[in-house]
Amino acid sequence: MNQPEYDYIVVGAGSAGCALAARLSENDQYRVLLLEAGPNDRHFWIHLPIGYGKTMFNPTYNWSFHTEPVPELDNRPIYWPRGKTLGGCSSINGLVYIRGQAEDYDAWEKQGNQGWGWRHVLPYFKKMECNERGESQYHGGSGPLHVSDLKEPNELVEAFIRGAEQIGVARNNDFNGATQEGAGYFQLTTRNGWRCSAAKAYLRPNRARKNLVIETDAHASKVIMQDKRAVGVAYERAGVQVSARARREVLLCAGALQTPQLLQLSGIGPREVLESHGIDVLHELSGVGRNLQDHLQIRVMFKCTKPITTNDQLRTLWGQALIGMKWALFRKGPLAVGIQQGCMFARTTPDQATPNVQFHFGTLSADMTAGKPHAWPGFTMSVCQLRPSSRGELRIRSTNPKDAPYIQPNYLATEEDRQTMVRGFKLARKLAASPAMAAYIAEEYNPGADVQSEEDMLEFVRRNGSSIFHPVGTCKMGRGPDAVVDDRLRVHGVEGLRVVDASIMPTLVSGNTNAPAIMIAEKAADMIKQDALGVQQRHVQQMSTGRTEAVAP
């Protein structure tokens with residue numbers, strides 16, 4: 001009886017949760033609770049763009065998940081970092097701002113998800129964005145999320161772009177504009193040399209709102225159900241089990257891994273999974289935790305002919321000091337941009353309707369196990385398949401909400417995916433052999449010249465492939481037996497419960513997933529407000545006609 005009550009409870013203060021809580025609390029009639037399992041985002045390295053090298057393995061701010069051994073990747077478990085602080089992954093990611101292709105969203109709509117075509121989602125991308133290039137047909141100029149260009153050209157990135165042109169891939173100065181295909185510089189979610197996370201964009205300006213309550217170190221354990229309606233959330237804070245009531249809706253924004261985990265812990269999911277852990281099946285939904293998709297990448301590393309890489313700048317204390325001074329005085333240099341600067345979207349075969357691989361070009365090479373740059377000039381081309389056909393699954397490992405879930409991505413489970421990765425590797429070598437790039441390459445360091453046959457290339461992918469950290473799809477939006485939410489993101493068969501994060505994506509978008517996750521929250525906020533207004537209007541109409549049957553608030 002002493003449980004605090006809110007209109008909306010948002011579980012997860014990641015990219016989507018921050019945006020959703022901020023938008024809902026714009027209406028001072030709504031009381032909003034935002035729960036985040038991790039700590040506050042005060043750590044210095046969160047806010048410095050290159051700082052994700054420090055947070056990538058920090059268990060305080062990172063869930064540091066691992067998959068199960070993946071059969072097609074030599075039975076290796078793959079590291080999956082996930083943000084555990086205000087801002088979620090937007091506080092620890094590589095800051096890349098990519099929306100995906102218009103065709104991605106049109107495909108969602110063709111699957112029966114009304115209102116999710118490109119013409120419907122573009123206004124929300126514009127609404128969320130404050131692009132330093134200003135407002136245009138494709139960009140917003142006054143939204144909360146700041147998006148910036150790199151402040152200065154880079155010699156290696158320019159060679160990468162020229163090399164792409166020489167192999168038939170045109171220069172593209174805006175991957176989020178009229179077309180995605182091409183090579184150019186990334187835009188990043190930064191402002192004046194600082195990271196602009198979702199927490200900084202959406203929460204910091206609104207922390208003083210009296211109707212917005214933000215609780216950190218609050219680990220959700222389950223959704224509280226009453227019959228087929230979500231009425232609250234149970235969670236642990238400072239070692240104490242507490243709960244809060246939701247008068248209107250519970251909104252799950254815990255991401256593609258922990259949202260399905262929380263649903264299963266709450267008795268919503270595949271019957272066989274729940275019963276195997278002794279959990280009462282409150283609502284059977286076979287799709288919860290299935291349809292898991294992610295971008296698999298390979299890193300092709302090269303030794304550079306000139307000492308102009310980030311490796312060289314970081315090698316000495318003097319070099320590190322110069323980097324620091326350049327950032328402190330001008331907000332430029334490696335500290336202001338992170339590692340990934342160049343990008344290419346391309347087709348591995350002419351019959352592809354749109355680009356099917358993405359290159360991330362970094363002016364640094366490193367031993368990923370040690371986390372340290374190499375002692376020689378080096379750079380990296382990372383290649384990932386944009387639209388994998390392989391599907392994995394996620395399920396709870398126990399009834400303890402703090403236990404990491406079972407994650408099996410099933411990378412390379414299809415011949416299409418295996419062939420695409422091999423062709424992507426060949427494309428990297430073709431680009432490296434271009435006159436513009438060849439002048440900067442002393443040798444291919446990894447995998448090296450010994451790898452020549454397609455069989456050897458595929459074996460390289462299996463030995464070295466890793467996640468580029470874009471899991472989606474585990475609470476699929478749509479219709480049919482495998483769908484979890486409808487096109488207004490309401491959980492099928494349950495009242496008062498929605499999912500608002502990357503887990504609702506039916507298929508993976510063609511690019512980095514942070515911007516789409518925020519867009520989903522922006523669109524969801526409008527839908528939630530519209531639905532609440534519609535219920536209120538129906539209630540008023542019923543009262544005016546003398547029909548007083550109960551209506552959910």
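1. Let's start with arginine 418: in this predicted model that residue is buried, with a relative accessible area of 16%. The cut-off for buried is under 20%, so 16% puts arginine 418 in that class. Its side chain meets that of glutamate 415 in a salt bridge, at 3.0 Å from N to O. Glutamate 415 counts as partly exposed, at 43% relative accessibility.

2. Have a look at where those two sit. Both belong to helix α13, which covers residues 415-432. They are three residues apart there, so about one helical turn separates them.

3. Now for a pair that spans much more of the sequence. Which residue does glutamate 72 meet in a salt bridge? Its partner is arginine 462, with 2.6 Å from N to O between the side chains. Glutamate 72 lies in the loop between β3 (65-66) and β4 (79-80), while arginine 462 is in helix α15 (residues 454-464), so this salt bridge ties together parts that are 390 residues apart in sequence. Glutamate 72 itself is partly exposed, with a relative accessible area of 25%.

4. Next, try arginine 237 and glutamate 215, whose side chains meet in a salt bridge at 3.8 Å, N to O. Arginine 237 is in strand β12 and glutamate 215 in strand β10 (residues 212-215), so the pair links distant parts of the chain, 22 residues apart. Is each partner buried or partly exposed? Arginine 237 is partly exposed, with a relative accessible area of 35%, whereas glutamate 215 counts as buried at 12% relative accessibility.

5. While you're at β12, check its neighbour. Strand β12 (residues 229-237) runs antiparallel to β11, and eight bridges join the two. Across that pairing, histidine 219 stands opposite glutamate 236 of β12. Strand β11 (residues 218-226) is mostly covered, since seven of its nine residues are buried.

6. Don't skip the turn. The hairpin of β11 and β12 has two residues between the strands, and aspartate 227 takes a positive phi near 60° there.

7. Finally, zoom out to the charged pairs as a whole. How many salt bridges does the structure hold? The count is 34. As background, side chains of opposite charge can pair when their charged atoms come close. Some charged residues join up in a group: Arg23, Glu26, Lys127, Glu522, Asp526 and Lys529 are linked in a network of salt bridges. Try picking out those six side chains in the viewer, including Arg23 and Lys529.

Key: Residues are numbered from 1 along each chain as its sequence is written. This is a predicted model: local features need pLDDT of at least 70, side-chain atom pairs count only at pLDDT 80 or more; totals for chains, interfaces and linings use all residues. Side-chain values use heavy atoms; hydrogens and water are left out. Buried means under 20% relative accessible area, exposed over 50%, partly exposed in between (1.4 Å probe, protein chains only). Helices (H or I, at least four residues) and strands (E, at least two) are DSSP runs, numbered from the N terminus. Two strands pair if DSSP finds at least two bridges between them. A salt bridge is a side-chain nitrogen of Lys or Arg within 4 Å of a carboxyl oxygen of Asp or Glu.
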